[in-house]
Amino acid sequence: EMGGKCPFGGDSIGGATGTPPMLSDWYPNRLKVEQLQQNGPQANPLGEDFNYAEAFNTIDLEALKQEIKGFLTTSVAWWPSDYNNYGPQMVRMAWHSAGTYRIADGRGGAGEGMMRFAPVDSWWDNGNTDKSRRLIWPIKQKYGSALSWADLIVLTGNCALEIMGFPTYGFAGGRQDAWEVDNSTYWGPEVWDGTKVNTPDSMVTRDKRWRGQNGDADYDLENPLAASYQSLIYVNPEGPYGKGDPLGSARDIRITFSRMAMNDEETVALIAGGHAFGKSHGMVPAAEIGAQPEIAPMEQMGFGWNNPRGKGHSEDTMTNGIEGSWTPNPTQWDNDYLINLFKFDWEVTKSPAGALQWTPVDKNAPKTPDAHIPGQMNALMMMTTDIALKEDPEYRKVCEKFLGDFDAFTQAFSKAWYKLTHRDMGPRERYLGPEKRNENDLLWQDPIPLADYKLVDAADITALKESILKSGISGSDLVYTAFSAASTHRSSDKRGGANGGRLALAPQKDWAINQRTVPVVAALRSVMEEFNGQQTGGKQVSLADLLVLGGCAALEKAAADAGLTTTVPFTPGRRDTTQELTDIEMFTWLKPVADGFRNYLDPEFEAISQDVAPEVMFLDKAQLLSLTTPEWVALMGGLKAMNANHDNSAHGIFTDRVGVLTNDFFTVLTSMDFEWKKTDAKGMAFSLDDRETGKQRFTATRADLVFGANSQLRAVAEVYAGNDGHKRFVKAFVKAWDKVMMLDRYDVKVLA
Ligand code: HEM
């Protein structure tokens, strides 16, 4: 008998794990080091030995596709299909899954099925995609772990296009699902009351993410964002601020789509291509619609946006708010979208939900069948974003080209769709299945031609290491160069890295941070030419391999000099690519902004970083390198021991034995023998003075001192600073080093 008392002992419960306030409510600006321990193996129910590539390759892709296609032309009672075809809503699902990708940090995209989780699953723009995913659950269930949600979502989009008469360019599997919400992606500064239904209209202003006024020369969007509004994939269909301004809308489309790495032609192909299919849904005012999935009542079981009117679906459906279809044949690939867009003048009207949309002025314009009510014909519809393609002079040129050449349009959309849905998969070694496409002309894949030579063996590697060390390049320079080559890799879209040898190509060779590598690259090239010149049996070594091998050789020596004989792993097989196969603009996005490892801060950092401290950008870099906290700390200590500063400055080089792999960085960092003083008003640079003599011993930046100032980083630094810490540090450093060198080696790694 509990006597009405709660078993906790009191008579109320105020919280349980995860209840606010949490640490970040009290200290919103604290460095969130725990970002590095996200989506770890602990969260993955498939276990660490599960091999997705092996599982996926057991699938008969053609049979799976037939099953999906069969399902698309059926209809289930709880969410009947428009026009008896689920195709259009599945195309939108796949597009929205991929469309969160942004080139600036490579985050977002279709690669991990993130549209299953908040916040993306609950964005207004993703209205009713919860239904689309639940409709294909029986197929997901049947194939189980062999078919990820991420792959199924994209594949269903392709199947949908194909049954509607559109020739897709290809499909690759290989996307591995995430198992946790994504807390590392910055989605923009706006927050609002999460308990209410939030339409773009009801949201707080979008002005925080925009600079200047639409139309100004400096009008631009905060990085790394790609969407014009919080909770939209790209732009507001009613134009900026919902005002129905097509030219303003065109400007926003251009900025947002180029942040997704799409040019004008690809942008028009995607929008005009996508809107050849399906319809928009706007029968009920947004105010009547229920909560988004993340906060919907329990009995909705993950569904959101409950629609209380009429059937709540079919002819009563409410998704975005705009109502109607773009073409007379919404389930058929044809050129009617562009034909009608250009043939008719369009005037503003309102949907039943009250949204701003456009309809032909000419009442004799073709009509389109209702998606559910037999015999009913409706007026055609365009959104402000569609009219934008006609009004903007550059987009108009592309439209006119596609109007006159349907095959060119088809080809452009086909390739742009392949790019859109595969953009974040990384090197083509990650592509699975019989429909993958990886011709060298797909520049966005950052192609690296296959090797037509034999790889070096262990004896060659030993000899090459000797040649490199004898070439007169310092160990510090070798380490700096290897790290510079490898550390462009980002785990988000899996671009960058040492493979390809792009450190020696534009734009990388011209970056200020890489100037120190230029003579090193030249010297390594000589070693390569000499070695390759001596071979007779078709054996060769690549520059990319030598860039990494140089670092490994130097570190083995540096560890030995510190009294710890160590083998630094090296896996040959990197290939060199060419300048022609390198998209300079797209690689420029990989240029570091704040890299504390190399003491680099973009000269414009203070002007362009809003309230973001350099150490926060450094944490972001560590996260993109997929480092754990101990790895981040160890890597920093080792690189500082080797003096990996881009400018050869002394910041953070807390040692008198530069180039020897000591743990001096940590012993100084944790020592009370020093007093730390900032040497500029903003606290960007510091002096470490001997407490006894008052003399300056070392200098540092924020990126250095944060390892002693932040409680969590300091906890790890203390381990490496301990009297038993040196060995542990060198071991951890070598492991973290090898991890960074191998980040892009999808050719030899188990798919991950
Ligand atoms: C539907 C906006 C680009 C494919 C819609 C809807 C809106 C919209 C508001 C109606 C949603 C609903 O109420 O059901 C936009 C905007 C775009 C854009 C503002 C960019 C400026 C694209 C792209 C694609 C695409 C790039 C694909 C390549 C579709 C499809 C539908 C659709 C297939 C129909 C969905 C259905 O029938 O249920 N779009 N869209 N859209 N969109 Fe887009």
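**Exercise 1. Two helices that cross**

At roughly what angle do the axes of helix H14 and helix H17 cross, and within what distance do they come? Classify the arrangement and describe the contact.

Solution. The structure is a predicted model.

Step 1. Locate the helices: H14 covers residues 458-470, and H17 covers residues 543-561.

Step 2. Read off the geometry. The two axes cross at roughly 80 degrees and come within 9 Å.

Step 3. Classify the angle. Angles from 65 to 115 degrees count as roughly perpendicular. H14 and H17 are therefore roughly perpendicular to each other.

Step 4. List the residues that meet. H14 contributes Ile-461, Leu-464, Lys-465, Ile-468 and Leu-469. From H17 come Leu-546, Leu-549, Gly-550, Ala-553, Ala-554 and Glu-556.

Step 5. Sort them by class. The contact of H14 with H17 has eight nonpolar residues, one polar residue and two charged residues.

**Exercise 2. A second helix pair**

Which residues of H9 and helix H13 meet, and at what angle do the two helices pack?

Solution.

Step 1. Take the angle and distance. H9 and H13, the latter spanning residues 406-422, pack at about 100 degrees, and their axes are 8 Å apart.

Step 2. Classify the angle. The range for roughly perpendicular is 65 to 115 degrees, and H9 and H13 are therefore placed in that class.

Step 3. Name the residues. On the H9 side they are Glu-265, Glu-266, Ala-269, Leu-270, Ala-272, Gly-273 and Gly-274. On the H13 side they are Phe-409, Ala-412, Phe-413, Ala-416, Trp-417, Lys-419 and Leu-420.

Step 4. Count by class. The contact of H9 with H13 divides into nine nonpolar, two polar and three charged residues.

**Exercise 3. The iron atom**

Which residue of the protein is the donor to the iron atom of the ligand, and where does that residue lie?

Solution.

Step 1. Find the donor. The iron atom has a single donor from the protein, the NE2 atom of His-275, at 2.1 Å.

Step 2. Place the donor in the chain. His-275 lies in the loop between helix H9 (264-274) and strand E3 (279-280).

**Exercise 4. Buried or exposed?**

How many of the residues of helix H23 are buried, and which are they? Then deal with Cys-399 and Cys-552, and with disulfides.

Solution.

Step 1. Count in H23, residues 702-709. Six of the eight residues are buried, so H23 is largely enclosed by the rest of the structure.

Step 2. Name them. The buried residues are Ala-703, Asp-704, Leu-705, Val-706, Phe-707 and Gly-708.

Step 3. Apply the cut-off to the cysteines. Buried means under 20% relative accessible area. Cys-399 has 0% relative accessibility and is therefore buried. Cys-552, also at 0%, counts as buried.

Step 4. Look for disulfides. The structure holds zero disulfides.

**Exercise 5. Apart in sequence, and in space**

How many residues separate Gly-170 from Lys-436 in sequence, and how far apart are they in space? Repeat the exercise for Glu-162 and Trp-333.

Solution.

Step 1. Gly-170 and Lys-436 are 266 residues apart in sequence, with a C-alpha to C-alpha distance of 5.5 Å.

Step 2. Describe the surroundings of Gly-170. This residue is in the loop between helix H7 (149-163) and strand E1 (210-211), and is buried at a relative accessible area of 6%. Leaving out residues up to four places away in sequence, Gly-170 touches Asn-158, Tyr-418, His-422, Glu-435 and Arg-437.

Step 3. Turn to Glu-162, which is in helix H7. Glu-162 and Trp-333 are 171 residues apart in sequence and 9.1 Å apart in space, C-alpha to C-alpha.

Step 4. List the contacts of Glu-162. Apart from neighbours within four places in sequence, they are Lys-65, Lys-69 and Thr-168.

**Exercise 6. Backbone exceptions**

Which residues does a cis peptide bond join, with omega about 5 degrees in one case and about 0 degrees in another? What is the phi of Tyr-83 and of Asn-599?

Solution.

Step 1. Recall the background. Most residues other than glycine have a negative phi, and most peptide bonds are trans.

Step 2. Identify the cis bonds. Pro-20 and Pro-21 are joined by one with omega about 5 degrees; Pro-21 is in the segment before helix H1 (23-26). Ala-118 and Pro-119 are joined by one with omega about 0 degrees; Pro-119 is in the loop between helix H4 (87-98) and helix H5 (129-135).

Step 3. Give the phi values. Tyr-83 has a positive phi of about 50 degrees, and Asn-599 has a positive phi near 55 degrees.

Step 4. Check burial. Tyr-83 counts as buried at 18% relative accessibility, and Asn-599 is buried at 12%.

Terms used: Residues numbered from 1 in each chain as written. Predicted model: local features only at pLDDT ≥ 70, side-chain atom pairs only at ≥ 80, totals over all residues. Heavy atoms only, no water. Axes fitted to C-alpha atoms, helices over the stretch in contact; angles between N-to-C directions. Helix = DSSP H or I, 4+ residues; strand = E, 2+ residues; numbered from the N terminus. Parallel < 35°, antiparallel > 145°, perpendicular 65-115°, else oblique. Contact = heavy atoms within 4.5 Å. Nonpolar A, V, L, I, M, F, W, Y, C, P; charged D, E, K, R; others polar. Buried < 20%, exposed > 50% of the residue type's maximum accessible area, 1.4 Å probe, protein only. Donors = N, O, S within 2.8 Å, 3.2 Å for Na, K, Ca; no water. Disulfide = S-S within 2.5 Å.
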